[in-house]
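The report below is arranged by topic, beginning with the overall organisation of one chain and moving on to its partner. Please read it alongside the sequence and the coordinates.

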Amino acid sequence: MTDESGRHAADQGAGSTSRRRRLRQRVRTTVPRLSRFAVEHLLLLPLGALIALVWVNTAPESYYRFSFATSFAVNDVAMMLFFALMTKEVVEATAPGGVLHPWRRAMLPVVASIGATVVPALLYIRLVDALDEPMLSLGWPVSLATDLALGYFVARLIFRPHPMIPFLLLLGIASDALGFLTLAFFNPMREVHLASGVLTLAGALGIAAGLRLTRVRSFWPYLLGAGGVSWFGLFRSGLHPALALVPIMPFLPHAARDPGFFVDARPDAKDTLSQFEIWWRYPAQVALFFFGLVNAGVPMGALEWGTFGLPMAVIVGKPLGLLIGAGLGILGGLHLPHWVGWRELIVSGLIAAMGFSVGLFFCGALLPPGQLRAEMSMGVLLSLAGAPLAIVSAWLLRVGRFRTRPGE
Amino acid sequence: MINARAAFPFDLVIMLGDNMYGSQQPADFVKKFEQPYAPLLSAGVKFQASLGNHDRSENVFYKPFNMNGERYYTFTRNNVRFFALDSTRMDQKQVAWIDTSLQQAREDWKICYFHHPLYSNASRHGSSVDLRVLLEPIFVKHGVNVVFSGHDHVYERLKPQKGIVYFVSGSAGQLRKGNMRPTDQTDAYFDQDQSFMLLEIAGTELHFQAISRTGKTVDSGVIRAVGAGR
């Protein structure tokens, strides 16, 4: 070996050591952040769902007794906390630095969400008909659902920090909002009495506005006063009372700048919205655990071919609809963010296919106990296949962390 | 069924759901229902349907099913009150309705029928335990005598459960051969060919007979109404 070649080998060795060091450093910073996110936002709901699946298939009678006895407390009351915290993320996102600031930024994802909801919904109705279970078409709003927390987690795994992530979150928020609207207007389970609901809700909004005007800093009056009246109004009107805090949360005083989507409030944060999050973050996770436990119990004997209608519709329909919706938006003069093209849209469509928490909520809200709900709920669980499919398609399409740099 | 009617001229048919598979366009109702059952329909036999998971919601408006646009309904024949339920969508309103309707019924016999069985020992689907938790206490409280269901494509008669006799008669349209896994709840079963049931109620006795596609009687017996007239 000559001196020259030895120096070259030493340089190479030093280069690979530094690369390894950088990789270790990145793993050291990324893994705890993402795993902490998983623990705090993702694990309790799947745990509840898993226990429910085992329980209902081993001791179904005791499972259903528990589920029916607790479903009102969990679905109609405790889930208020989950939707309140999701609304908090959206409210903060409208502040400077947030993904919804300025609002024009949200235009293309909102337009694209129309494609990403209409296409899977139409596909779903056609599929359940073709699979010879036309009654399942009643559950079409479930095909609109997107799990924001899970979607964010998978998107971070694939894209790392990337303009696609706020785009995907906006898409999810818009799709879920459309889903909630359809729940209000196409819900066969509930008789809607809008007039009395609107009046009571107006009262609740009046209380919240009064609290804000009088600079009330504690979240309790907003929660118990305005939230209580809102819950009662929604319950009486036939709309879902779990959404009671959604119109109230924007009235809570919040920080001037958005700390970021799913970035936890600092323990010393003084604004009312952050105080609300600090107080209710963990109780909301407990509510999600019970939500999974109460709603995800699906006996395997209830499954028919129609069960596959939902996962097929969302896994094919969301990427396709997203491409169509984004294409229409671009034709209308809107622009995709930098570094976002058709390949990123396909991967994001697969991520958005996962309905999970919101999908299970829609199932419970739309369908009474029985075979339809069981099949739809299992369809929602199967839509989680969107995560591995998104990772595989990202690898195949060279998207996000799998992107090939020029010269590689 | 037509041959059986020559010997036993029944005038009522109760349908346990999944009344039609595949396409359900107007022409299909002719091809899959009106033509095969033409001799019974023309003889004035009345069909009273309940819906299953393969039916369309709008089939409640199909006149020969006699559902009058209702997912669940009740009707009376002499001393028997029938209750047809929609077990695919058992919402709170329906549960409240069956509770009230059973409470008001004064007939000797209270017979409920719907698609999903509260008890079944077929391996494909088995018991719909969620519905059992909702409905069984109401049936027991109001003295329901007999319950008929389909869904599992076999015939099964169960030993009385809390005083109620349950039948699964789901193989008239399709058969799932060899699908039964009888347990100590099972009183009789048949899963080797398609079958249907004949019923005759005389006073406080209900005579039943399960007949295979070839005309063989595969199960028969008598159920006596306990507490008739409650």
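## Overall organisation of chain A

In this predicted model, residues 24 or more positions apart account for 83% of those contacts in chain A that have a separation of 6 or more. Chain A holds 14 helices and 0 strands, and its pattern along the sequence accordingly reads α-α-α-α-α-α-α-α-α-α-α-α-α-α. Of its 408 residues, 52% count as buried.

Helix 4 of chain A, which covers residues 107–130, offers a simple check of geometry: at 1.5 Å a residue, its 24 residues should span 34 Å, and the end C-alpha atoms lie 35 Å apart, which agrees. This helix is followed by A:Asp132, a residue whose phi is positive, near 65°.

## The nonpolar core

In soluble globular proteins, nonpolar side chains tend to be buried together. The largest nonpolar core of this model has 185 residues, and the members that touch the most others are A:Met79, A:Met80, A:Leu81, A:Phe83, A:Ala287 and B:Val147. The element that gives the most to this core is helix 3 of chain A, with 14 residues.

What does A:Phe83 touch, if residues up to four places away in sequence are not counted? Its contacts are then A:Ala242, A:Leu243, A:Leu245 and A:Val246.

## Where chain A meets chain B

The contact between the chains involves 17 residues of chain A and 21 residues of chain B. On the side of chain A that touches chain B, the elements giving two or more residues are helix 3 (60–93) and helix 13 (371–382) of chain A, and the largest share, 5 residues, comes from helix 3. Helix 3 of chain A is therefore to be noted twice, since the largest nonpolar core also receives the most from this helix, 14 residues. By residue class, the side of chain A that touches chain B divides into 9 nonpolar, 3 polar and 5 charged residues.

## The seven-stranded sheet of chain B

In chain B, 7 strands form an open sheet with mixed pairing, in the order 3-4-5-6-8-7-9. Strand 3 (73–77) and strand 9 (186–190) of chain B stand at the edges, and because each has a single partner strand, one side of each is left without a neighbour in the sheet. Direction ignored, neighbouring strands of this sheet are turned by 15° against each other on average.

The pairing at one of these edges can be followed in more detail, as strand 3 of chain B runs antiparallel to strand 4 (residues 80–84) of chain B and is joined to it by 5 bridges. Within that description, B:Arg77 has B:Val80, in strand 4 of chain B, as its bridge partner.

## The three-stranded sheet of chain B

A further open sheet of chain B is formed by 3 strands in the order 10-11-12, with antiparallel pairing. Its edge strands are strand 10 (195–202) and strand 12 (217–224) of chain B, each of which pairs on one side only. For this sheet, neighbouring strands are turned by 15° against each other on average, direction ignored.

Strand 11 (residues 205–212) and strand 12 of chain B pair in the antiparallel sense over 7 bridges. Which residue of strand 12 of chain B is the bridge partner of B:Ile211? That partner is B:Thr217, while B:Phe208 stands opposite B:Gly221 in strand 12 of chain B. The hairpin made by strand 11 and strand 12 of chain B has 4 residues between the strands, and B:Gly215 in this hairpin takes a positive phi near 95°.

Conventions. Residues numbered from 1 in each chain as written. Chains lettered and ligands numbered in written order. Predicted model: local features only at pLDDT ≥ 70, side-chain atom pairs only at ≥ 80, totals over all residues. Contact = placed C-beta atoms within 7 Å. Nonpolar A, V, L, I, M, F, W, Y, C, P; charged D, E, K, R; others polar. Core = buried A, V, L, I, M, F, W, Y, C linked by C-beta atoms within 7 Å. Buried ≥ 20, exposed ≤ 12 C-beta atoms within 10 Å, placed from the backbone. Expected span 1.5 Å × (residues − 1). Pairing = 2+ DSSP bridges. Axes fitted to C-alpha atoms, helices over the stretch in contact; angles between N-to-C directions.
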